[in-house]
Amino acid sequence: MTTSLKIVVLAKQVPDTRNVGKNAMKEDGTVNRAALPAIFNPEDLNALEQALRLKDRYPGTTIHLLTMGPGRAADIIREGLFRGADGGVLLTDRKFAGADTLATSYALAQALRKLQPHIVIAGRQAIDGDTAQVGPQVAEKLGWPQVTYAEEIISYDGKEMVIKRRLERGVETVSASLPLVVTVHASAPGCRPRHAKQLLKYKHAKTLSEIQEAGADYDTGLKNVDYLRVPEWGVADVGGEEIQFGLSGSPTKVKKIENIVFQAKESKKLTATDGDIDGLIKELMANHTIG
Amino acid sequence: MNNILVYCEIESGRVADVSLELLTKGRGLAAQLGCKVEALAVGSKLSGIEKELMNYGAHIIHVADEERLDPFRTLPHAAITIGVIKTEQPQIVLFGATSVGRDLAPRVSSALKSGLTADCTSLEIGDHTDTKGNTYTNLLYQIRPAFGGNIIATIINPDHRPQMATVREGVMKKEPLPALVQGEVKKVDVGKYVHDADFAVRIIERHIEDRKVDIKGASIIVSGGYGVGSKENFKQLFDLAAVLGAEVGASRAAVDAGFADHARQVGQTGVTVRPKLYIACGISGQIQHTAGMDQSAIVISINPDANAPINQLADYAVVGDMNEVIPKMIKSYRENSK
């Protein structure tokens with residue numbers, strides 16, 4: 001039985017919400033996405049590493065990235081190629097816009113039906129939403145089982161895959177046959193860095209839109225090199241019911257967005273002097289907060 | 001009547017705290033809506049469990065009891081949950097935002113093609129008028145921090161039922177009914193919903209531990225953020241905690257940086273705490289952290305930045321370096337407690 005796998009890694013380009021600076025909010029109180037660097041969603045990198053480890057172990061295995069987003073999300077495909085993936089697809093179409101997790105998973109599942117992998121590996125959740133919903137929803141749409149919070153893919157014998165899961169209060173080792181959707185937890189090993197050979201090979205990998213935008217700046221000799229063309233798929237390419245994509249396919253609606261305003265509260269300002277600290281401790285002991 | 005259904009999580013024969021918290025919350029929402037609370041218990045050897053669920057306000061308890069249903073596996077539990085929802089037509093379904101709930105709820109939502117909001121910190125009932133002038137009454141407002149906690153979003157599902165949400169453990173109050181109200185127990189015909197193929201994922205080994213680090217139950221918490229700087233510096237927090245009889249907590253940034261274990265994480269994606277004293281060291285005070293500690297009785301912040309947002313909710317804002325402040329606190333406490 002062959003052990004070579006056709007893997008698709010789901011990856012998302014996200015604003016780096018962990019490093020929200022002072023200019024992250026606009027004057028009108030909305031989030032200034034432009035001020036936040038766009039990064040490869042951290043747990044999707046853990047997922048990519050699990051895929052790369054399978055590729056190391058089982059010769060003939062291929063890895064394709066699948067991402068949905070605006071044109072600049074092609075960066076995610078390139079980053080994956082630099083680190084050892086074999087290809088990728090950018091799902092991009094105005095009709096995908098405004099999608100909640102359900103409409104997102106519908107679009108991804110439609111693309112996956114076309115790609116026909118043996119296994120889909122994704123990060124547990126994306127840091128811009130932290131919902132952890134897309135992985136299980138993609139699995140349901142495909143009618144495949146899911147194994148969430150994977151920390152390590154232990155073995156694969158051509159049929160059964162053994163996976164260690166990280167739960168809130170423990171660990172679980174499960175066995176499941178393919179096809180399968182696996183979501184990877186942050187406690188899994190981080191992703192290996194870019195590989196110099198891959199970087200040289202894929203430096204000029206671009207989508208058709210990017211090539212058109214670059215115009216005369218893109219080396220015409222590279223235009224016909226197949227592996228340098230990152231495919232862009234829209235609704236017409238993946239098929240399905242149009243109403244299930246984007247805003248119309250999203251049952252959840254945002255009613256209201258509030259920016260965080262801390263409640264004003266009297267606070268005592270202290271410094272690190274001996275007197276201030278000693279006074280603080282005495283006060284806390286006097287009112288029985290400590291001691 | 002379209003009721004509120006709570007998926008009740010059961011581990012080693014015990015109902016999870018978060019499920020009892022959701023039943024408590026469900027009671028309040030049901031009173032507003034004029035409906036009842038239903039509980040769904042899926043597992044094995046569940047006799048006796050209905051009493052506890054009734055005690056927290058479940059009027060109708062659906063029990064799916066079969067050996068293969070314990071421990072939790074996604075597919076059989078999803079099949080039963082989907083089946084019961086289709087039969088009972090609840091208007092709201094609530095899950096704990098736990099390893100189980102966050103695995104199960106999205107699968108159920110996808111199968112029912114209905115919306116799901118993850119990790120809500122508040123649930124309210126309210127009305128809505130959309131841009132076309134359509135009005136909706138008595139919707140579930142699903143309120144959660146979003147975008148890394150920089151905004152609070154109110155999410156609704158105007159046109160789809162059920163309205164589904166997951167809620168973190170410890171966010172809502174857990175309160176038994178003052179007097180037991182007899183509920184109705186309905187046995188779920190497991191074979192009707194579950195098929196052999198649903199057991200495709202086999203559990204080979206499983207170690208579930210009681211949470212060793214109990215920051216939830218601690219009355220004093222010394223918590224560190226990214227500003228602590230290193231795992232080495234975090235040891236000072238443990239020193240202070242040992243002196244005060246406290247537990248050590250951490251912000252997500254500190255956990256992500258590897259300074260502390262995930263079990264210590266306070267905040268939206270960690271544990272919600274309400275200690276009598278919360279000492280925040282090198283924590284800037286992003287909402288996803290403060291959402292998990294703003295109910296603390298007294299907050300002390302130790303931060304070199306006088307303008308750190310945490311100082312807005314701190315009762316005592318010590319502007320200074322924790323490497324200097326903590327040893328002084330330990331020294332002062334030792335001297336004064338003699």
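**View 1. T129(B) faces T135(B) across the pairing of β8(B) and β9(B).** In this predicted model, the residue of β9(B) that stands opposite T129(B) is T135(B). Elsewhere along β9(B), Q142(B) stands opposite L123(B). Strand β8(B) and strand β9, residues 135–146 of chain B, are joined by 7 bridges and pair in the antiparallel sense.

**View 2. The hairpin of β8(B) and β9(B) contains G133(B).** Between the two strands of this hairpin there are 5 residues. Within the hairpin, G133(B) adopts a positive phi near 90 degrees.

**View 3. Strand β9(B) is also joined to β10(B).** Strand β10 of chain B comprises residues 151–156 and runs antiparallel to β9(B), with 5 bridges between them. One residue pair illustrates this contact: R144(B) has A153(B) in β10(B) as its bridge partner.

**View 4. An open sheet of 4 strands includes strands of chain A and chain B.** The strand order is β14(A)-β10(B)-β9(B)-β8(B), and the pairing is antiparallel. At the edges are β14 of chain A, residues 253–259, and β8 of chain B, residues 122–129, each of which pairs on one side only. From one strand to the next, the twist averages 35 degrees. As a general point, side chains in a regular strand alternate between the two faces of the sheet.

**View 5. Helix α1 of chain B lies across two strands of chain B.** The helix spans residues 17–33. The strands that α1 of chain B lies across are β8 and β9, and the helix runs at about 25 degrees to β8(B).

Notes: Residues numbered from 1 in each chain as written. Chains lettered and ligands numbered in written order. Predicted model: local features only at pLDDT ≥ 70, side-chain atom pairs only at ≥ 80, totals over all residues. Pairing = 2+ DSSP bridges. Axes fitted to C-alpha atoms, helices over the stretch in contact; angles between N-to-C directions. Contact = placed C-beta atoms within 7 Å.
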